[in-house]
Amino acid sequence: MPHLDLDKTDIKILAALQQNGRLTNVELADAVALSPSPCLRRLKHLEESGIIKRYVALLDPTRLGLGLQAFVNVALEKRGSVHMQSFLQAVQRWPEVIACYALTGDMDYMLHVYCEDLDHFSRFVMGELLTHPGVEDLRSSFVLTDVKRTTALPLHQLGAPR
């Protein structure tokens with residue numbers, strides 16, 4: 001999908017919203033040196049074009065009792081796609097999985113998982129993942145500390161000439 005040509009003001013709008021998605025239109029307009037009406041028009045265009053997909057609240061998992069974060073690499077049996085489709089549907093139902101990525105290499109998928117503790121993680125792995133048909137192997141890595149965590153996409157390439 002081709003990306004839209006964005007000017008410096010559009011990029012400033014995106015950068016400001018990545019830092020604080022709750023800015024009012026007046027606050028956003030001030031931040032990017034526009035008057036409110038043109039700012040709102042640009043914002044609506046960014047939303048309608050799909051560049052801005054949605055607005056969300058970022059929650060603190062630890063304060064919600066989700067103290068264990070893990071990445072689980074999963075390999076599926078290679079025979080037939082019935083297991084793959086079933087697995088992908090199951091991933092959508094598992095609340096512990098906040099992200100799932102299809103991978104190259106020896107493992108097929110990487111799951112980003114949050115659990116309350118090791119007991120919860122064990123119940124999830126033993127009761128859901130390992131009992132799912134088609135799961136051939138899995139490897140888990142536990143997060144010791146978040147070194148960097150951001151939802152902001154890099155925007156520096158948008159201002160570069162093509």
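Let's start with the lining of the largest pocket, where helix H1 (8-19), strand E2 (97-102) and strand E3 (109-115) each supply at least two residues. Please keep in mind that this is a predicted model. H1 gives the largest share of that lining, four residues.

How big is the pocket in volume? The largest pocket comes to about 1700 Å³. Its lining counts 41 residues, and the closest to the centre are Gln18, Arg54, Val56, Thr151 and Ala152. As for chemistry, the lining of the largest pocket divides into 25 nonpolar, eleven polar and five charged residues.

One of those central residues, Thr151, also helps us place Leu58. Along the sequence Leu58 and Thr151 are 93 residues apart, yet C-alpha to C-alpha they are 9.1 Å apart in space. Leu58 sits in the loop between H3 and E1. Is Leu58 buried or exposed? Leu58 has a relative accessible area of 63%, and the cut-off for exposed is over 50%, so Leu58 is exposed.

Stay with that loop for a moment, because Tyr55 is in the loop between H3 and E1 too. Tyr55 has 42% relative accessibility, which counts as partly exposed. The side chains of Tyr55 and Glu47 are joined by a polar contact of 2.6 Å. Leaving aside neighbours within four places in sequence, Tyr55 is in contact with Leu17, Gly21, Leu43 and Glu47. Here is a distance to try on your screens: Tyr55 and Gly105 are 50 residues apart along the chain, and their C-alpha atoms are separated by 33 Å.

Now let's move on to strand E1, which covers residues 68-76. Two residues there are good landmarks. Gln69 lies in E1, and Gln69 is buried, with a relative accessible area of 9%. Which side chain does Gln69 meet in a polar contact? The partner is Arg149, at 3.1 Å from side chain to side chain. Not counting residues up to four places away in sequence, Gln69 touches His112, Val113, Tyr114, Ser141, Phe142, Val143, Asp146 and Arg149.

The second landmark is Ala70, also placed in strand E1. Ala70 has 0% relative accessibility, so Ala70 counts as buried. Beyond its neighbours within four places in sequence, Ala70 is in contact with Leu111, His112, Val113, Phe121, Ser141 and Phe142. For a sense of distance, the C-alpha atoms of Ala70 and Val97 are separated by 9.6 Å, with their positions 27 residues apart along the chain.

Next, the aromatic rings. How many aromatic pairs does the structure hold? There are four aromatic pairs. In one of them, the ring centres of Phe87 and Trp94 are 6.0 Å apart and the planes are at 75 degrees; edge-to-face needs over 60, so this pair is edge-to-face. Phe87 is buried at a relative accessible area of 0%, and Trp94 counts as buried at 7%.

Phe87 has another ring partner, Tyr109. Their ring centres are 5.4 Å apart and their planes are at 40 degrees, so this pair is tilted. Why does this pair tie together separate parts of the chain? Phe87 lies in helix H4 (residues 82-93) and Tyr109 in strand E3, so the pair joins parts that are 22 residues apart in sequence. Both Phe87 and Tyr109 are buried. Put the picture together and ring pairs link Phe87, Trp94, Tyr109 and Phe124 into a cluster.

His132 touches part of that group. Leaving aside neighbours within four places in sequence, His132 is in contact with His83, Ser86, Phe87, Ala90 and Trp94. With Ser86 there is also a polar contact, side chain to side chain, of 3.2 Å. You will find His132 in the loop between helix H5 (118-129) and strand E4 (135-142). At 10% relative accessibility His132 is under the 20% cut-off, so His132 counts as buried.

One last stop, and a curious one: Ala33. Ala33 is in the loop between helix H2 (25-31) and helix H3 (36-48). Most residues other than glycine have a negative phi. In Ala33, though, phi is near 60 degrees, a positive value in a residue other than glycine. Is Ala33 buried or exposed? With 69% relative accessibility, Ala33 counts as exposed.

That's my tour, and thanks for listening!

Methods:
Residues are numbered from 1 along each chain as its sequence is written. This is a predicted model: local features need pLDDT of at least 70, side-chain atom pairs count only at pLDDT 80 or more; totals for chains, interfaces and linings use all residues. Side-chain values use heavy atoms; hydrogens and water are left out. Buried means under 20% relative accessible area, exposed over 50%, partly exposed in between (1.4 Å probe, protein chains only). A polar contact is a pair of N or O atoms within 3.5 Å; within protein, one must be able to donate a hydrogen and the other to accept it, and residues adjacent in sequence count only if both atoms are side-chain atoms. Contact means heavy atoms within 4.5 Å. On a 1 Å grid over the protein atoms alone, a cavity is a set of points where a 1.4 Å probe fits but cannot get out, and a pocket is an open set with protein on both sides within 12 Å along at least five of seven lines; lining residues have an atom within 4 Å of a point. Grid points are joined across faces, edges and corners, and a volume is the space filled by probe spheres set on the points. Ala, Val, Leu, Ile, Met, Phe, Trp, Tyr, Cys and Pro count as nonpolar, Asp, Glu, Lys and Arg as charged, and the others, Gly among them, as polar. Rings of Phe, Tyr and Trp (its six-membered ring) pair if their centres lie within 6.5 Å; planes under 30 degrees apart count as stacked, over 60 as edge-to-face and the rest as tilted.
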